[in-house]
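Visitor: Please take me slowly through one part of this model, starting with the chain as a whole and keeping the cut-offs explicit.

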Amino acid sequence: MLTELKCVNWTVLIIGKFTMIKKYDYLCKMNDLLLTKECSHNTMKYKFIFIYIVIALYGCSSDNYYPEIISGNIQKYTIFYGEYSKNQLDIYTTNTTAYAPVVVFIHGGGWYSGDKSDWNLPQIKCFAQRHYVSISMNYRLTPEVTHPQHIQDVAQAIKWIEQHIKKYGGDSSNLILIGHSAGAHLAALAVTNQKYLKQASANIQHIKVVYLLDAGAYLNMDTLIGENPSISTLVQNAIGTTQLKYDFTPYNFISKNKYYPKFYLIHSDNPYRSQANALFKKELDKNNIYNEEHTLTGYSHSDILKMFPSYLQ
């Protein structure tokens with residue numbers, strides 16, 4: 001796709017071709033060949049190339065101005081929020097309401113897999129019917145990157161949303177983060193270890209609510225991690241080095257006298273996840289941070305995402 005090409009490379013190419021056009025015209029004039037068949041043909045050839053590349057560059061802009069209609073009046077825009085191929089987000093909007101609340105979904109997958117398409121059509125329709133703008137984002141994955149690149153991408157996406165969501169009908173000062181599994185970890189880390197939002201020049205106070213869907217012990221990095229070898233391996237791969245373990249852990253950045261959004265901890269009745277969320281909630285309570293914990297009996301890890309937000313109604 002043209003939109004996946006590096007804009008900077010196309011810019012250089014355009015400058016090169018444009019210079020070539022001017023140079024060729026100049027040489028034609030110097031040799032009294034202006035308007036000859038050969039000269040005219042080659043100059044026109046380069047001009048057509050130039051026009052084609054300008055069109056390609058337009059397609060490489062950060063906005064896709066030709067939305068896909070996915071259902072009824074719901075429009076989908078696919079946007080690049082950063083310089084990497086994974087720095088993409090999908091915006092779902094009806095463009096019928098100005099300053100609508102904005103839902104931002106962060107997918108799970110153990111920091112090494114998953115995709116923005118995990119935000120499914122029933123969820124898209126549900127929020128559109130309630131006049132919300134919903135967004136599903138991708139971010140770079142392990143092993144291509146390790147911490148802190150995942151969270152840096154999340155922060156950069158939030159900054160892009162703050163700057164641009166108004167033209168899609170959204171209110172940049174009313175953001176709701178929703179993360180599932182490893183995505184829940186990133187949502188929690190964004191609003192606790194707030195230096196990453198600050199580095200991206202994003203405003204933490206624009207995030208009003210965070211839903212953490214079936215998060216695990218990586219919220220706290222306590223002894224539960226060691227009791228689950230598969231999770232422990234995923235975490236080690238995502239961090240890359242033990243020196244960053246503290247920085248990776250949302251629990252470590254909960255404190256008093258700092259702005260936090262409201263937390264909703266929603267999880268299955270899996271003992272491992274129940275214990276992890278209970279410990280995280282205890283620290284939130286200790287620091288007088290608004291939160292609610294909801295245990296969904298009989299729901300699987302994937303059900304927690306697929307059925308969201310139906311079980312809240």
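**Helix α5 and its surroundings**

Guide: The protein chain has an accessible surface of about 15,300 Å², and carbon and sulfur atoms account for 56% of that area; such areas come from the Shrake-Rupley method with a 1.4 Å probe, and for residues only the protein chains shown count as cover. The model is a predicted one, in which local features need pLDDT of at least 70 and side-chain atom pairs count only at pLDDT 80 or more, while totals for chains, interfaces and linings use all residues. Residues are numbered from 1 along each chain as its sequence is written, and side-chain values use heavy atoms, with hydrogens and water left out.

The chain holds 11 helices and 9 strands, both being DSSP runs numbered from the N terminus (helices are H or I over at least four residues, strands E over at least two). Of its 313 residues, 49% count as buried, where buried means under 20% relative accessible area, exposed over 50%, and partly exposed in between, using a 1.4 Å probe and protein chains only. Among contacts (heavy atoms within 4.5 Å) between residues at least 6 apart in sequence, 73% join residues at least 24 apart.

The part to look at closely is helix α5, and a starting point is Ser 181, which sits in the loop between β6 (170-180) and α5 (182-192). Ser 181 has a relative accessible area of 10% and is therefore buried. The side chain of Ser 181 makes a polar contact of 3.1 Å with the side chain of His 301; such a contact is a pair of N or O atoms within 3.5 Å, where within protein one must be able to donate a hydrogen and the other to accept it, and residues adjacent in sequence count only if both atoms are side-chain atoms. Setting aside residues up to four places away in sequence, Ser 181 touches Gly 108, Leu 213, Asp 214, Ala 215, Tyr 218 and His 301.

Within helix α5 itself lies His 185, whose relative accessibility is 0%, so it counts as buried. With residues up to four places away again left out, His 185 touches Trp 111, Tyr 218, Leu 219, Phe 248 and Pro 250.

Helix α5 also packs against another helix. The axes of α4 (residues 149-164) and α5 come within 10 Å and cross at roughly 70 degrees, which makes α4 roughly perpendicular to α5. Here the axes are lines fitted to C-alpha atoms, for helices over the stretch in contact, with angles from 0 to 180 degrees between N-to-C directions; angles under 35 degrees count as roughly parallel, over 145 as roughly antiparallel, 65 to 115 as roughly perpendicular and the rest as oblique. The crossing is right-handed, meaning that the near helix is turned clockwise from the far one by less than a right angle, whereas an anticlockwise turn would be left-handed. His 150, Ile 151 and Val 154 of α4 meet Leu 186, Leu 189 and Ala 190 of α5 in this contact.

A further neighbour to follow is Pro 261, in the loop between α9 (245-248) and β8 (262-268); at 2% relative accessibility, Pro 261 counts as buried. Residues touched by Pro 261, beyond four places in sequence, include Val 191, Ile 207, Ile 289 and Tyr 290. Another of them is Val 209, which lies 52 residues from Pro 261 in sequence and 5.0 Å from it in space, C-alpha to C-alpha.
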